[in-house]
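Here's a quick briefing to read alongside the structure. Have a look at the model first, then go through the notes below by topic.

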Amino acid sequence: MPQACFVCAAPAADQVLCEACRAALPAVASACCPHCALDSPGGAVCGRCLSQPPRFDATRAVFRYAFPVSELVQAYKFQARFGVGRYFAEQLVAAAHGLQIDAVLPAPLHPHRLATRGFNQSVLLAEPVAKALGVPHLRDAVRKVRRVAPQAGLTLDERRRNLRGAFAVQRRFDGMRVLVIDDVMTSGTTLDELAGALKEAGAARVEGLVVARTPAGPA
Ligand SMILES: [Zn+2]
Ligand SMILES: [Zn+2]
């Protein structure tokens with residue numbers, strides 16, 4: 001079915017976005033920190049990751065969390081625009097090409113949030129990535145057991161405290177390289193807490209792959 005482009009309403013064939021709007025989406029900088037995917041001259045490890053090394057090993061992001069990617073993410077999550085989700089999943093599959101990992105894990109959603117939203121946006125993104133890489137999609141391997149107060153406006157330390165103990169790992173990950181899929185990475189504290197829990201369960205390496213990365217958050 002022919003669609004109108006989500007951004008400019010021009011004919012977009014069977015796509016969510018027309019070709020011009022797809023080409024104009026805000027990509028992440030070509031030089032970014034290998035740990036946290038923030039802009040970093042020459043692709044060096046950034047100052048924050050040097051002074052407070054995160055427990056995850058690497059992050060890849062496809063887009064910057066800026067207009068219209070921010071609107072697309074909101075439409076996918078809060079209006080269940082699954083065509084947008086499929087477009088994002090295609091981008092993640094391309095970005096995951098060549099990664100050496102053993103399993104894909106969607107960022108867990110608290111059961112209450114899941115009940116309200118009706119779906120976990122990360123599960124739908126993770127499924128095609130796992131299939132493309134030929135590895136298991138461990139969608140129930142980690143549970144979010146504690147609801148977390150909104151993170152906006154908190155310092156990095158407060159975010160870390162806020163998330164402590166939020167995840168319960170349901171199995172061993174001995175020696176495994178795990179790729180965590182999420183829609184947006186903001187401060188990185190969610191991935192950090194998840195990586196800590198996975199490594200306690202034996203994981204050798206934890207990488208993040210996200211649709212969109214916000215610019216540097218609170219220090
Ligand atoms: Zn357009
Ligand atoms: Zn960094």
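Four cysteines hold the zinc ion (ligand 2): Cys-33, Cys-36, Cys-46 and Cys-49 each offer their SG atom, lying 2.3 Å from the metal. Keep in mind that this is a predicted model, so every value here is computed.

**The zinc ion (ligand 2)**

- The site is tetrahedral, and the angles among its 4 donor atoms run from 104 to 114°.
- Along the chain, the donors of this zinc ion (ligand 2) follow the pattern C-x2-C-x9-C-x2-C.
- Cys-36 sits in the loop between helix 1 (19-23) and helix 2 (47-51), while Cys-49 belongs to helix 2, so this pair ties together parts that are 13 residues apart in sequence.
- Buried or exposed: which is Cys-36? Cys-36 counts as buried because its relative accessibility is 5%, and the cut-off for buried is under 20%.
- Cys-49 is buried too, since its relative accessible area comes out at 7%.

**The zinc ion (ligand 1)**

- Which residues coordinate the zinc ion (ligand 1)? Cys-5, Cys-8, Cys-18 and Cys-21 do the job through their SG atoms, at 2.3 to 2.4 Å.
- The 4 donor atoms here subtend angles of 103 to 117°, so the arrangement is tetrahedral.
- For reference, the ideal angle for four tetrahedral donors is 109.5 degrees.
- In sequence, the donor residues of the zinc ion (ligand 1) are spaced C-x2-C-x9-C-x2-C.
- Cys-5 is buried, with a relative accessible area of 4%.
- Cys-8 counts as partly exposed because its relative accessibility is 40%, and that class lies between the 20% and 50% cut-offs.

**The annotated span**

- The unreviewed UniProt entry places a feature called "domain: Double zinc ribbon" at residues 2-50.
- How much of residues 2-50 is helix, and how much is strand? In the model the span is 18% helix and 0% strand.
- The C-alpha atoms at the two ends of residues 2-50 lie 49 Å apart.

**Ala-132 and helix 6**

- Where is Ala-132? You'll find Ala-132 in helix 6, which covers residues 121-133.
- Ala-132 counts as exposed because its relative accessibility is 51%, with the cut-off for exposed being over 50%.
- Ala-132 and Ala-96 are 36 residues apart along the chain, and their C-alpha atoms are separated by 8.6 Å.

Notes
Residues are numbered from 1 along each chain as its sequence is written. Chains are lettered from A and ligands numbered from 1 in the order in which they are written. This is a predicted model: local features need pLDDT of at least 70, side-chain atom pairs count only at pLDDT 80 or more; totals for chains, interfaces and linings use all residues. Side-chain values use heavy atoms; hydrogens and water are left out. UniProt positions are given in the numbering used here, feature names are shortened, and annotations may be inferred rather than shown by experiment. Helices (H or I, at least four residues) and strands (E, at least two) are DSSP runs, numbered from the N terminus. Buried means under 20% relative accessible area, exposed over 50%, partly exposed in between (1.4 Å probe, protein chains only). Donors are N, O and S atoms within 2.8 Å of the metal (3.2 Å for Na, K and Ca); water is not among the atoms, so sites may look incomplete. Four donors count as tetrahedral if all angles lie between 85 and 135 degrees; four count as square planar and six as octahedral if opposite donors are over 155 degrees apart and all others between 65 and 115; anything else is irregular.
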